[in-house]
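Hi,

Here's the structure I said I'd pass along. Have a look at it first, and then read my notes underneath.

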Amino acid sequence: MQRLIIEGGKKLCGEIKVQGAKNSALPLLAGCLLAGDRTVLYGCPELSDVFSACRILNRLGCKCSFDKGTVSADSSTLTGWDIPEELMREMRCSIVFLGAVLGRLGKCELSYPGGCELGPRPIDMHLDALKQLGVVMTEEHGRISCVCPKGLRGAAIDLPFPSVGATENIMLAAACAEGDTIIRGAAREPEIEDLADFLNRCGARIKGAGNSTIRISGVKKLHGCEYKVMPDRIAAATYMAAAASAGGEVGLLGIRCADLSAVIAVFEEMGCGIYCMEDRIFISCKLPLKAVRMIRTMPYPGFPTDAQAVVMAALATAQGSSMIVENIFESRYRHVDELVRMGADIKTSGRTAVIQGVRRLYGASVRASDLRGGAALTVAALGAEGTTSVAGVQYIDRGYEHPEKVLTSLGAKVRRAF
Ligand code: UD1
């Protein structure tokens with residue numbers, strides 16, 4: 001099993017170009033299927049989850065190829081509507097293919113999605129919303145069969161929670177439905193806006209993405225387009241946390257500061273200097289960091305749950321006591337025991353974690369058990385004394401493009417062991 005071997009205590013210094021957003025690329029790839037034409041996506045990160053999405057497209061009869069960050073997908077040849085269980089299990093986001101396949105063919109068969117284990121991750125909101133658009137579902141032996149006897153029809157949908165994936169699924173299914181769809185209580189994440197912009201570029205009529213109410217006027221058909229995936233705000237937050245943990249000065253290029261407001265406020269409270277320009281951020285961190293009073297993860301524009309673990313890793317050596325409340329996922333503290341192995345003083349109770357800053361962390365042998373938790377262990381290791389071995393790199397590879405190369409370019413000592 002692959003590991004990252006990290007020699008801690010080296011300041012990070014330099015500039016990196018931030019990768020394209022995983023959480024945007026995946027729904028955009030599902031959108032390619034809906035386009036029914038040749039679509040080119042630039043800036044797709046080279047990640048195992050992106051390859052899984054390409055495999056789903058190919059499996060359904062599309063011609064999809066990946067070359068140096070550019071995905072070319074021709075979905076005019078789409079024939080299949082059933083996504084095999086092994087592909088569904090590879091990632092949670094495979095569920096957004098449901099809305100896209102239904103939008104294109106009016107039927108779909110798939111199983112429950114896999115993905116990182118963050119506690120129960122139901123898809124009830126996705127299924128309820130699609131039913132309101134006219135989808136009839138039957139479930140047998142874990143397979144869900146969906147048909148639309150009267151076609152997809154626009155509806156007014158109230159989401160009980162602003163689920164990112166459910167909002168995306170509705171947008172994909174409603175883009176070519178008959179009539180108008182309104183989503184109230186929609187997720188407002190920047191990735192939702194990116195999907196709307198992409199679909200509109202393909203001929204859809206979607207208004208209001210980025211707000212809680214999204215209006216979709218169904219069109220008969222979409223067409224292909226060329227589109228650039230937005231920058232990855234969570235990868236940016238991770239490299240900011242790396243700079244905070246190890247100390248140093250790092251420039252993140254190609255990023256949109258506005259997407260990171262809640263994260264930037266926390267790093268400022270930690271005592272880091274942040275300089276925002278239109279398309280880049282510079283972060284300057286002198287150790288020791290200061291503790292932060294309270295971080296509550298919330299739907300956007302609140303503090304993102306995906307940045308919780310990496311920021312916690314940086315706070316492990318801050319002066320004073322910090323508190324985190326995880327409001328989005330039930331079980332998102334699986335990295336804590338591993339941070340404690342490195343010398344951190346962190347106590348969790350239910351959704352709350354209290355981090356009592358220690359003077360330093362020490363290198364240890366640790367194991368990632370989910371994507372962002374794995375990134376957190378890497379962040380902690382960069383600031384720790386001695387050498388850390390992080391196992392479970394396959395989780396980290398789901399979200400970070402060549403992390404060892406990026407960190408090495410900033411002066412860290414990181415290598416991948418096979
Ligand atoms: C997306 C992101 C993930 C991020 C999360 C929250 C992608 C590929 N993944 O995941 O990185 O951590 O948003 O920002 O974009 N829920 C239900 N029923 C549903 C759907 C969701 O109860 O049908 C619950 C979930 O269990 C969770 C909460 O709602 O507690 C938020 O989930 P959601 O916003 O749907 O996250 P994802 O789209 O899965």
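Below is what I found around the ligand.

First off, bear in mind that this is a predicted model.

The ligand's space is the largest pocket. Two helices, α5 (124–132) and α6 (164–174), are the elements that each give two or more residues to the shell around the ligand. Of these, α5 supplies the largest share, with 3 residues. If you look at the domains instead, domain 1 (3–19 + 231–417) and domain 2 (22–228) each put at least three residues into that shell.

In total, 19 residues surround the ligand, and D124, M125, S163, D306 and I328 are the closest. By character, the shell splits into 9 nonpolar, 5 polar and 5 charged residues.

The polar contacts I'd zoom in on go to the backbone:

- I328: a backbone N or O atom sits 2.5 Å from a ligand oxygen.
- M125: one of its polar backbone atoms is 2.7 Å from an oxygen atom of the ligand.
- V164: here a polar backbone atom and a ligand oxygen are 2.8 Å apart.

As for how much of the ligand is covered, it has 740 Å² of accessible area on its own, and the protein covers 86% of that.

If you only have a minute, start at M125, which is among the closest residues and has that 2.7 Å backbone contact to a ligand oxygen. Then go over to I328, also one of the closest, with its backbone contact at 2.5 Å.

Cheers

How values were computed:
Residues numbered from 1 in each chain as written. Predicted model: local features only at pLDDT ≥ 70, side-chain atom pairs only at ≥ 80, totals over all residues. Heavy atoms only, no water. Near = heavy atom within 4 Å. Polar contact = N/O pair within 3.5 Å; in protein donor to acceptor, adjacent residues only side chain to side chain. Areas by Shrake-Rupley, 256 points an atom, 1.4 Å probe, with all protein chains shown as cover. 1 Å grid on protein atoms, 1.4 Å probe; cavity = no way out; pocket = protein on both sides within 12 Å on 5 of 7 lines; lining within 4 Å. Sits in = over half its atoms within 2 Å of the grid points. Helix = DSSP H or I, 4+ residues; strand = E, 2+ residues; numbered from the N terminus. Nonpolar A, V, L, I, M, F, W, Y, C, P; charged D, E, K, R; others polar. Domains from an automatic or database assignment.
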